[in-house]
Amino acid sequence: MISYEAQARIDNTASSLQKTKITLERGMCFGTCPIYKIEIYGSGRVVFSSDTRYPGSADKKLPLFAYPDGVLLPGVHEDIVDPNAVSDLINSFKRARFIDLRDQYLAQVTDMPQYRLTLQVGNRQKIVIDYVGQAAGMPKAVTQLENAVDKLAGTDRWVEGTPDLIPWLESQKFDFHSAQAGQLAAASANYGSNEDLAIGLIEKGAPLDASYGELKVSARDGEEPLKRSKVAQAVLGGAIAKGKLKLFNRIVKSDWFKWLDLDNAALVFAERDAVCSPQLVDAVAAAGIKIDATTPFDPENGLNHGRSTTALFTTLSTVGNCEGHEEYRLETARKLLAYGADPNHMNGDGETPIFSVRTVEGAKLLVEAGANLSAIDNDGVNALFSTFDDPVAMFLLEKGVSPAGKDKQCQTFLELAKERKLVKASKWVLMHPAVLKAPLRGQHPINERCKPLKSVY
């Protein structure tokens with residue numbers, strides 16, 4: 001262990017660099033975190049390593065390129081960086097007084113990834129273990145050093161799949177016309193965050209007709225596998241699911257588009273939330289893909305998946321994943337309606353989009369498009385009983401949606417409102433007691449169970 005007494009400073013002279021190695025290890029979490037190790041030597045040599053089970057797996061159903069342990073291109077990869085850049089990185093360690101830091105910073109939380117940063121000079125080394133370290137007093141400089149190691153090594157090209165991967169593949173004599181190139185393009189379309197890699201691979205000759213086998217679309221979200229027979233289908237599905245407009249348009253322009261399974265593409269579109277992209281809605285409609293297709297009905301498969309929902313339904317039932325631009329969601333929904341999306345489509349639970357809309361703006365848009373506020377679902381209740389958002393509940397109440405009756409658990413709206421902290425809606429109902437006595441329209445027989453039994457004596 002390097003100590004301040006044993007070594008007052010870190011040398012980064014030419015001779016010292018030859019004996020220096022910096023290592024960053026990123027560990028697992030509850031979920032899919034990138035798990036890998038990066039080593040940077042003073043000479044400029046870079047070694048990246050991650051799980052190699054998948055490329056050598058005996059299970060032929062698994063794609064060669066996937067996201068085992070959160071890495072797009074798993075395995076052991078090497079490169080060379082400028083030794084001067086390594087020297088600059090060592091200077092950053094010196095400025096952070098890395099050798100004076102505690103050996104570990106462990107926050108009292110669970111399910112988060114652990115990072116291990118090591119500086120080795122000769123046979124001496126200093127290790128700092130970071131487990132949500134800044135919450136345990138770790139200087140921010142350690143996180144900055146970790147990120148600097150990743151940046152110098154260029155780990156994003158292997159982990160996320162950036163365009164920088166292409167020149168590295170060229171240096172490895174990679175065959176861009178091989179089936180592996182097609183598989184990598186499909187995997188980057190579905191898992192990587194940068195659409196330019198998939199486009200670059202296609203431009204380099206990646207075969208869109210290569211077989212892809214079984215692919216887990218958005219595996220980070222825990223979705224079920226979707227079978228795709230060709231790379232082109234996988235790329236198209238990934239472009240839709242991830243909202244990669246440039247990639248989508250590139251596939252549309254290819255000769256392969258006319259051979260694609262557009263019904264499957266419509267299914268992917270329906271399962272997603274149109275990725276907060278009005279432009280993607282335009283492109284999907286122009287390509288002849290149904291924008292109001294319905295997912296299969298499967299009562300066991302979550303709220304938005306497998307319940308005969310549509311893209312409009314899914315778009316308005318979620319919030320917070322438009323990367324800070326929730327206005328895109330409303331415009332996306334507006335586009336869907338303009339292309340003929342049904343505001344009263346009933347899913348397998350008997351719910352229409354108004355039952356799960358999350359914002360007042362979305363509710364207003366549905367009402368303007370002709371949404372039926374009196375709709376009753378399979379449990380015998382209206383949209384008011386389904387909302388968890390106080391502003392939406394207030395909007396529905398003011399539009400005349402009745403809070404009378406009980407749900408299938410025999411709970412009144414006021415009881416549900418208390419549980420869900422719908423404070424304004426609760427006050428409004430208490431101030432308007434007559435609404436609780438108003439006759440219900442379309443009350444489902446299921447709520448008959450909530451009526452008290454008459455005595456036979």
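Residues 214-228 are a good place to start: in this predicted model, their pLDDT stays under 50. The model nevertheless gives this stretch 41 contacts beyond four places in sequence. For the chain as a whole, the mean pLDDT is 83, and 81% of the residues reach 70 or more. Another stretch to keep in view is residues 52-68, where pLDDT is below 50; beyond near neighbours in sequence, the model has 31 contacts for residues 52-68. Here are the two stretches side by side.

| Stretch | pLDDT | Contacts in the model |
|---|---|---|
| Residues 52-68 | below 50 | 31, beyond near neighbours in sequence |
| Residues 214-228 | under 50 | 41, beyond four places in sequence |

Now for the overall fold. The protein chain has 457 residues, and 51% of them are buried. Its secondary structure consists of 17 helices and 9 strands. If you take the contacts between residues at least 6 apart in sequence, 67% of them link residues at least 24 apart. About 22100 Å² of the chain is exposed, with carbon and sulfur atoms supplying 52% of that area.

One helix pair deserves a closer look. Helix α2 spans residues 83-95 and helix α3 spans residues 140-153. How do they pack against each other? Their axes lie 11 Å apart, at an angle of about 175°, and α2 and α3 are therefore roughly antiparallel. On the α2 side, A85, V86, L89, S92 and F93 take part, meeting L145, A148, V149 and L152 of α3. By type, the residues of this contact are 8 nonpolar and 1 polar, with no charged residues.

Conventions
Residues are numbered from 1 along each chain as its sequence is written. This is a predicted model: local features need pLDDT of at least 70, side-chain atom pairs count only at pLDDT 80 or more; totals for chains, interfaces and linings use all residues. Side-chain values use heavy atoms; hydrogens and water are left out. Helices (H or I, at least four residues) and strands (E, at least two) are DSSP runs, numbered from the N terminus. Buried means under 20% relative accessible area, exposed over 50%, partly exposed in between (1.4 Å probe, protein chains only). Contact means heavy atoms within 4.5 Å. Accessible areas come from the Shrake-Rupley method with a 1.4 Å probe; for residues, only the protein chains shown count as cover. pLDDT is the predictor's confidence in each residue, from 0 to 100. Axes are lines fitted to C-alpha atoms, for helices over the stretch in contact, and angles run from 0 to 180 degrees between N-to-C directions. Angles under 35 degrees count as roughly parallel, over 145 as roughly antiparallel, 65 to 115 as roughly perpendicular and the rest as oblique. Ala, Val, Leu, Ile, Met, Phe, Trp, Tyr, Cys and Pro count as nonpolar, Asp, Glu, Lys and Arg as charged, and the others, Gly among them, as polar.
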